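Trainee: I would like a close look at one part of this model, the sheet and what is packed around it. Please go through it step by step.

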Amino acid sequence: MADAQLSPRKLAARIGVTPKTVERWLADAELVPHAKNRVDACQALRVDEEMIWPKAVQDRVKSGHDREVVHAYPYRSACPSTVWSELIDGASEQIFMAGYTNYFVWLEQPAFGETLRRKLDEGCRVRFMLGDPAGEVTRQREVIENVALSVSTRIRITLEHLERLGPLPGLETRISCAEDAVNHVSLSVFRFDEDVLVTPHLARLVGHDSPLLHLRRQGAGGMFDRFAEHAEELWSRATPISPSRGADLVRDT
């Protein structure tokens, strides 16, 4: 309005509504005017509708399960670290890290171990599902990726971090079974209550070069549930490991 040099009264006169109507729009960011008023207002202000009323645009475009898509990133590395930290901090019921290595999160989230301790103290369930560092699928993936920091090394680094946390109530770690390893390594699922970050791993690409979807649950049977159920199924067949067993896997070569 300032850029267009229009006061609420002038804008109201331009689009044929009362000044009080414009004042209501200004006072309530969640209020979405009728379509004709939105179009007239945008023409008067010379801006796109999504700039003023993005919800109206989203609701028009997303009418089904795609409403659960909060954001899509062409690369996992393009997702801001603040998104991860906000989801981790905001989780009150569960954090489920079902990536194959879960290595990167220890690097990208400052004091991640202390954050997990705090979440556990607050009653949040924390689970880690990892690939088998000595498994055949892990070995095959290392050949495919052909990078200096191997898949097995990244898994062992995560296990070492978890070992340092020690046995804490609410903290669980499992290794996915051999039969599920291919499905596990090809799809990473990270759940934070009703939000999930999903990375399908493409061909020879490592995780940070693969795409990422941020989904938020809107109802039963949607995309969120499909990915969450996938992770839970793998978890149900995975092998629980104690801190001492985790230490053995860390030292194993």
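Mentor: Start with the strand order. The model is predicted, and in it eight strands form an open sheet with mixed pairing, in the order β1-β7-β6-β5-β2-β3-β4-β8. The edges are taken by β1 (69-73) and β8 (239-240); each has a single partner strand, so one side of each is left without a neighbour in the sheet.

Now follow the pairing in from the β1 edge. Strands of a sheet pair through backbone hydrogen bonds, in either a parallel or an antiparallel sense. β1 and β7 are antiparallel, with four bridges between them, and A72 has L213 in β7 as its bridge partner. β7 is also joined to β6 by four bridges, again antiparallel; here V196 is matched with L215 in β7. Next come strand β6 (residues 195-200) and strand β5 (residues 187-192), an antiparallel pair with six bridges. Within that pair, V189 has V198 in β6 as its bridge partner.

A helix lies across this part of the sheet. α6 crosses β1, β2 (94-98), β5, β6 and β7 (212-216), and runs at about 50° to β5.

That helix leads to the aromatic rings. A pair of aromatic rings is described by the distance of the centres and the angle of the planes. The whole structure holds eight aromatic pairs. In one of them, the rings of W84 and F104 have centres 5.2 Å apart and planes at 75°, so the pair is edge-to-face. W84 belongs to helix α6 (residues 81-90) and F104 to helix α7 (residues 104-108), so this pair ties together parts that are 20 residues apart in sequence. Both W84 and F104 are buried.

Another pair is made by W106 and F128, with ring centres 5.8 Å apart and planes at 20°, so this one is stacked. This pair also links distant parts of the chain, as W106 is in helix α7 and F128 is in strand β3 (residues 125-130), 22 residues apart. W106 and F128 are both buried. Ring pairs also join W84, F104, F190 and F192 into a cluster.

Several of these residues return in the nonpolar core. In soluble globular proteins, nonpolar side chains tend to be buried together. The largest nonpolar core here has 35 residues, and those with the most contacts inside it are W84, I95, M97, W106, F128 and F192. Helix α10 (residues 151-165) gives the most to this core, namely five residues. A second, separate core has 15 residues, including V198, A228, W235 and A238.

I95 shows what surrounds one member of the larger core. Apart from residues up to four places away in sequence, I95 touches I88, K119, C124, R125, V126, R127, R191 and F192.

Helix α10 also holds T158. T158 has a relative accessible area of 0%, so it is buried. Leaving out neighbours within four places in sequence, the contacts of T158 are T101, N102, Y103, W106, F128 and L130. Both rings of the stacked pair, W106 and F128, are therefore on that list.

Return to strand β3 for R127. Is R127 buried or exposed? The relative accessibility of R127 is 1%; a residue is called buried under 20%, so R127 counts as buried. Two rings are placed by its side chain. R127 lies over the face of F96, 3.9 Å from the ring centre, and the charged end of R127 also sits over the ring of W235, 5.1 Å from the centre of that ring. F96 and W235 are both in contact with R127, and so are Q94, I95, M97, E172 and E232, again leaving aside neighbours within four places in sequence. W235 is one of the residues of the second core.

To put the parts together: the strands run in order from β1 at one edge to β8 at the other, with α6 lying across five of them, from β1 to β7 in the naming. The stacked pair connects helix α7 to strand β3, and strand β3 also carries R127, with its charged end over the ring of W235.

Conventions
Residues are numbered from 1 along each chain as its sequence is written. This is a predicted model: local features need pLDDT of at least 70, side-chain atom pairs count only at pLDDT 80 or more; totals for chains, interfaces and linings use all residues. Side-chain values use heavy atoms; hydrogens and water are left out. Rings of Phe, Tyr and Trp (its six-membered ring) pair if their centres lie within 6.5 Å; planes under 30 degrees apart count as stacked, over 60 as edge-to-face and the rest as tilted. Helices (H or I, at least four residues) and strands (E, at least two) are DSSP runs, numbered from the N terminus. Buried means under 20% relative accessible area, exposed over 50%, partly exposed in between (1.4 Å probe, protein chains only). A charge sits over a ring if NZ of Lys or CZ of Arg is within 6 Å of the ring centre and within 35 degrees of the ring normal. Two strands pair if DSSP finds at least two bridges between them. Contact means heavy atoms within 4.5 Å. Axes are lines fitted to C-alpha atoms, for helices over the stretch in contact, and angles run from 0 to 180 degrees between N-to-C directions. A nonpolar core is a set of buried Ala, Val, Leu, Ile, Met, Phe, Trp, Tyr and Cys residues joined through side-chain atoms within 4.5 Å.
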